[in-house]
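Hi everyone, thanks for coming. Let me put the structure up so we can walk through it together.

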Amino acid sequence: MRRSVSIAGLAATLVLGMGALGADQKSFVVSAQQKQEAMEVKIDNFSFGPAALTVPVGTTVTWTNRDDIPHTVVSTDGVFKSKVLDTDEKFSFTFSKAGTFPYFCSIHPKMTGKVIVQ
Amino acid sequence: MGSKRKDEILHDHNHDGIDRRGFLKCMAWAGTGAFCVMQGGVLKSYSLSRLPKLGPKEAMGELSFVQISDSHMGFNKPANPDVAGTLKAAVDKINSLSAAPEFMLHTGDISHLSKPEEFDTVDQILKSATPKDVFYVPGEHDVLNDDGKQFQERYGKGSKGNGWYSFDKKGVHFVGLVNVMNLKAGGLGTLGHEQLEWLEDDVKHLKHSTPIVVFAHIPLWSVYPEWGWGTEDSAQALAYLKKFGSVTVLNGHIHQTMQKVEGNVTFHTAASTAFPQPQPGTADSPGPMKVPAEQLKSVLGITDVNYVQGQHALAVVDSSLA
């Protein structure tokens, strides 16, 4: 019983995901190639760089902590939340919906950034 | 190590194979804290490094305790590859005091990454200190990943909310506050409504002449908000303390000593036992500061406070390990 429910859920997710991908597939491929370097956010000197990152739907963004001090990457609206990242540790999140996603470091809340997904 | 006199640190090459003399000479700032003495109701704080220069009169009061802060156990970057060594150095300084302080305050960032073994190491090192009682408040590094659950289990027994509490020693009312939880994007340290209400109630029935010592991790005054060095709602907390003749606020977090007097309130921040941070605005970020070897010991500290009963104010002076 439980299994059939979860399979149904998975199928629904797949259909939705494919729908979203299908609609935007061309622009996604082009911008991903053009802006490949921008899919990374580096944490340096207590700041996110770039602080604002614009990406197409479906992009996986990876944050890397290059400070000597741990940081976190936490969505202000509760969409994503990393564990604490020590030096050189990474966190990735795939943005499957369009929108603006503000985030901050929950240890040093003055550190803020946003990902704009188009 | 624990019971040795401070001079011995400089001649100790043994144990783990590290040349501790060389290391601690380089880490001249290492392992400091503050010795706090209440004198005439004034809390005086001396960096542990200045203690040899203290006369017996200056070191004596009705109550003395030690503040240490920001041990960051687990940190191993170039700014200090041996934070255990520098914490031990601080304990040795404390143990070398002629009159043993009554207790210790640890103003947070005990650990670097909230790992159980980091807390264990600090507990182990502090066991060798003469003062047996240690009162803790959490730093943001102590409540990572679990909303402070582990900190509460280890250090927060009998505390309220996220770990705040108060106690009395020789007529002085001590209040430990928590301002590192539920931090909001773009904001500073936060005490929160529930804790503020508790504080108001906690001090309501105290006599105005009672000396108050408040300790918390992030400064309760605006040291440098651009780097998050302040607490959003500290003004409300201080408003509840206005009626008292002597209020001392002890904080950590900024890894350097600073003092400020505002009316009846004296604010102090203690140095870190682990690594120094830059002065506000003097660097791109508040990250760990690598300082020249000859300066190192002068920038880590321990605060020691002494209190003379029957009078009113407190005074604190921070001292370095040099």
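Let's start at Met289(B), which sits in the loop between β11 (265-269) and β12 (301-307) of chain B. Keep in mind that this is a predicted model. Is Met289(B) buried or exposed? Neither, quite: Met289(B) has 17 other C-beta atoms within 10 Å, so it counts as partly exposed, since burial takes 20 or more.

Who are its partners? Setting aside neighbours within four places in sequence, Met289(B) is in contact with Ala79(B), Phe275(B), Pro276(B), Gln277(B) and Pro278(B). Take Gln277(B): it is 12 residues from Met289(B) in sequence, yet their C-alpha atoms are 5.0 Å apart in space.

Now please look at helix α4 of chain B, residues 83-95. With 13 residues at 1.5 Å a residue, this helix should span 18 Å, and its end C-alpha atoms are indeed 18 Å apart. Of those 13 residues, 12 are buried, so α4(B) is largely enclosed by the rest of the structure. Among the buried ones are Val83(B), Leu87(B), Val91(B) and Ile94(B), but also Lys88(B), Asp92(B) and Lys93(B).

Stepping back, chain B has eight helices and 13 strands. Of its 322 residues, 55% count as buried. And for contacts in chain B with a separation of 6 or more, 77% are between residues 24 or more positions apart.

Last stop, the partner chain. Here 19 residues of chain A are in contact with 18 residues of chain B. On the chain A side, that makes eight nonpolar, six polar and five charged residues. Thanks for listening!

Technical notes
Residues are numbered from 1 along each chain as its sequence is written. Chains are lettered from A and ligands numbered from 1 in the order in which they are written. This is a predicted model: local features need pLDDT of at least 70, side-chain atom pairs count only at pLDDT 80 or more; totals for chains, interfaces and linings use all residues. Two residues are in contact if their C-beta atoms, placed from the backbone, lie within 7 Å. Ala, Val, Leu, Ile, Met, Phe, Trp, Tyr, Cys and Pro count as nonpolar, Asp, Glu, Lys and Arg as charged, and the others, Gly among them, as polar. Helices (H or I, at least four residues) and strands (E, at least two) are DSSP runs, numbered from the N terminus. The expected span of a helix is 1.5 Å times one less than its number of residues.
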